[in-house]
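Trainee: Could you take me through one part of this structure closely, piece by piece? I'd like to see how a single element sits among its neighbours.

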Amino acid sequence: MSAFPRMVAHHQDLVYGLARRWTPRAADAEDIAQETFLRAYRALSGYPPERIAALHLRGWLARITLNLARNRARDGAHPTAALDEAPDRADPHDPGPERSAEQRETALLWRRLLAGLPDHYRQAVGLRHVDGLSYPEVAQALGRPLGTVKSDVHRGVRLLRKAYEAEAEMERPMTRDGDTGTAERRPATAMRLASEVSW
Amino acid sequence: MRTGRMVAPAAGRLAAARDVLAGLRTLREPAPPSLAGRVMAQLGPVDSVDSYSRMQTPLWPLLVAWGRDGITAVGRADDPAAFEAEYRSRTGRPVRLVREVPDRLTRAVEKRMRGESVPGLRVDLSGLNEFQRRVLAKTMEIPHGEVRPYAWIAEQIGHPRAQRAVGTALARNPVPFVIPCHRVVRSDGRIGRYGAGGSQSKRAVLQSEGVDPDELERLAQAGIRYIGSDTTRIACFPTCRNARRITAAHRVPFRSARDVTGAGFRACRSCRPFPTAQAA
Ligand SMILES: [Zn+2]
């Protein structure tokens, strides 16, 4: 299967990124990602080419990743390991050393907001909008009907928007409906909002 | 996106945060550069995955599988799924269908089917135990167009009582045609089991080699196990090439090794129909 290295290169961000949201430690995410590819490899080696061609690789890989991550979270050393746990601050991949401080803060904010969603919504929203899967791929990954995941994603996004607005509202010292003020007018607010979410 | 009631975002810092979808995209985490290398290191050389494909033969289309250590399996092409499942359970390795059997192997299988030897041909018998390997190795010695009884194999490998086990080992021969398990038959003249398609197939393969299965059965039912020549005074299995050369006028049938030696004949050194000690 000479195409396999290319497949790993192609899908490693999806698999790793998904695993990463299930575990507080980057090393665990890497283990999960590695095991996902090994399983995929073993499965694909036994498939005839037509069957491989018919596979929806991304949804299928995401499903393997999720199963491994769930099992690990259930049985492993990190029973409650999930999004909402404090990340390992020494972790070089959390949430990305190459990012600027602003990007880092933005990511932490959204990470926290996403973590606040009910499980079903969080999973569906994450797969759709973080990992960038299509709806059918999300449905395949979660083993849930297409209609269900679509509505979970929509509801989840709506909740996130509300949560974000509530957050912003709380942080606003001078409420003015329809305020179209420019960014330069409230640098302090933005700073506070961002700093508050560094958990 | 409703932004009317929201705090005006700082340019840059909160611009992404304002849009839920853009915000979620900031959570993407690229895989560490070490990941792909770790995966490939775990797999070992990727080319080591066993492959199989279809090849046409004068008898039937076959499936031929090969790995790093040579030909690993041969089977009838009518049930690829069963072939794969059987392959996995025997070797513990997956096997993948590829476009074609490499020329070198095609020629090797064709030569083996014509009864020619193929120097350097490697057959990977992993998953088989020592007894099975010895049965198969002995079977390799049977020339094209000749047959031997199960009892002969058992005798030759030093397990004279293990005829049934010999039959089972041959029925599970992973590389029929390459190792000619079809050339081993029952002492009572019946054709016996055949892993690659049952007795009817076995008859067909033997006929393709010039063996007449009906004649074998007739001889066995008449109690005739060996044919001697009254000119050379040597006795053979009926299908031995030496026996086939004996003209009708000089053929002497024998029912047992004792009869052979009793008549002053000796066993052919080519087909070794019975151990010399047994006849003495
Ligand atoms: Zn002979």
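Mentor: Gladly, and let's start with one pair: Arg54(B) stands opposite Leu63(B), a residue in strand 2 of chain B. Keep in mind that this is a predicted model. The pair belongs to a longer match, as strand 1 (residues 50-55) of chain B and strand 2 of chain B run antiparallel and are joined by five bridges. Between these two strands lie six residues, and together the strands form a hairpin.

Now look at the other neighbour. Strand 3 (residues 70-76) of chain B also pairs with strand 2 of chain B in the antiparallel sense, here over six bridges. Within that pairing, Val64(B) has Val74(B) in strand 3 of chain B as its bridge partner. Two residues link strand 2 of chain B to strand 3 of chain B, again in a hairpin.

Next, consider the side chains. In a regular strand they alternate between the two faces of the sheet. For strand 2 of chain B, one side carries Leu62(B), Val64(B) and Trp66(B), while the other has Leu63(B), Ala65(B) and Gly67(B). These residues are all buried, so both faces of the strand are covered. Put another way, six of the six residues in strand 2 (residues 62-67) of chain B are buried, and the strand is therefore largely enclosed by the rest of the structure. So when you rotate the model, follow strand 2 of chain B outward from its bridges to strand 1 and to strand 3 of chain B, then check what covers each face.

Methods: Residues numbered from 1 in each chain as written. Chains lettered and ligands numbered in written order. Predicted model: local features only at pLDDT ≥ 70, side-chain atom pairs only at ≥ 80, totals over all residues. Heavy atoms only, no water. Buried < 20%, exposed > 50% of the residue type's maximum accessible area, 1.4 Å probe, protein only. Helix = DSSP H or I, 4+ residues; strand = E, 2+ residues; numbered from the N terminus. Pairing = 2+ DSSP bridges.
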